[in-house]
Amino acid sequence: MAVERRTIELNGSHGEGGGALIRTALCMSALTSQPVRIWSVRGAMRKSGLTAEDMALIECLAISTNARVEGAELGGEEITFSPRREPKALRQNIDLSAFDKGRVAGSSVIVLEALVPVLVRAGSLSTLTLIGETHCQGALSYDAFERSAVPAHLRQGIGVMPALVRAGIGRGGKGEIRCEIEPSVIESLDWERPGEAVRSGVVLTSSGVDEKQAELIAAAAQSEMEQMGFVPQVDLVPAHAGDAGAGLTIWVECESGAGSATAVTDRGMKLEDLADSAVGRIKEWLKSGASVDEHL
């Protein structure tokens with residue numbers, strides 16, 4: 001006879017009161033088969049309520065766990081998520097614009113990263129196609145995910161294999177990512193301190209940007225990293241995208257840590273400012289002494 005589990009109640013405005021709390025709670029619910037009710041969703045944010053990112057994640061988790069869901073609507077401030085089985089592998093095409101009702105769909109990378117710890121426990125290979133932003137300001141970019149998060153997951157024993165089909169640069173971008181997530185046995189990490197840097201890199205993903213200008217931006221970031229004592233790998237990635245733009249990501253892998261910083265030509269940022277912005281953020285992370293950056 002199945003045991004009815006008590007629903008955990010969570011205040012969605014607690015602490016930072018944003019998307020990380022919702023994503024963590026939903027994924028923990030899926031992994032433990034523990035029902036959860038979240039009220040005051042994103043209550044500490046300027047715009048409260050469920051976003052298209054949240055809706056896409058909820059749909060994927062609900063399919064994976066055959067969950068009963070109440071209150072899942074765009075802008076809704078309360079949701080109850082009740083899994084009815086352990087997670088199963090997904091083979092899904094997820095277009096975030098299907099959930100946005102004319103608003104900004106959001107980051108496909110955020111949804112993908114949230115799904116990783118659930119789908120690695122699903123018992124078989126998951127294959128996902130996600131459509132949405134891939135390089136946006138203030139969020140985990142595709143290049144940071146591929147060059148920083150994926151290697152960190154590998155050190156946990158987690159196998160994730162992403163590919164960028166089309167870049168979605170800036171707010172409202174419609175890029176496409178394909179990704180396979182392997183069933184994995186997760187290993188713990190002792191990352192109290194980052195230790196020495198072992199690898200670093202500069203990645204510039206651009207669409208509609210002059211090749212010479214792209215080279216100059218990457219070279220400026222490379223020069224600043226070399227002044228800090230790094231010997232970065234430099235990659236220029238010409239991308240197919242609907243609009244012109246660029247995303248510059250700097251990543252650093254340490255003995256027991258990893259971090260990255262991204263700057264995107266969005267909301268008025270100019271191409272020539274990308275290097276200074278990304279380098280400034282990676283300096284902040286290195287100075288902090290934290291083993292991982294704010295997104296990882």
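**Exercise 1.** Find which helix and which strand each supply at least two residues of the lining of the second largest pocket.

*Solution.* Start with the elements: β12 (257-264) and α6 (274-288) each give at least two lining residues. Helices (H or I, at least four residues) and strands (E, at least two) are DSSP runs, numbered from the N terminus. Next, look at the share: α6 supplies the largest one, 4 residues. Then zoom in on the centre: of the 15 lining residues, S260, A261, R281, E294 and H295 lie nearest to it.

A quick note on the model: it is a predicted one, where local features need pLDDT of at least 70, side-chain atom pairs count only at pLDDT 80 or more, and totals for chains, interfaces and linings use all residues. Residues are numbered from 1 along each chain as its sequence is written, and side-chain values use heavy atoms, with hydrogens and water left out.

**Exercise 2.** Work out how many residues line the largest pocket, and which lie nearest its centre.

*Solution.* The lining has 47 residues, and G19, R23, R42, E53 and I110 lie nearest the centre. Now add the helices: α1 (19-32), α2 (52-65) and α3 (108-119) each supply at least two lining residues. The largest share, 7 residues, is from α1.

**Exercise 3.** Sort the lining of each pocket into nonpolar, polar and charged residues.

*Solution.* Use these classes: Ala, Val, Leu, Ile, Met, Phe, Trp, Tyr, Cys and Pro are nonpolar, Asp, Glu, Lys and Arg charged, and the others, Gly among them, polar. For the largest pocket you get 19 nonpolar, 14 polar and 14 charged. For the second largest, you get 6 nonpolar, 5 polar and 4 charged.

Key. On a 1 Å grid over the protein atoms alone, a cavity is a set of points where a 1.4 Å probe fits but cannot get out, and a pocket is an open set with protein on both sides within 12 Å along at least five of seven lines; lining residues have an atom within 4 Å of a point.
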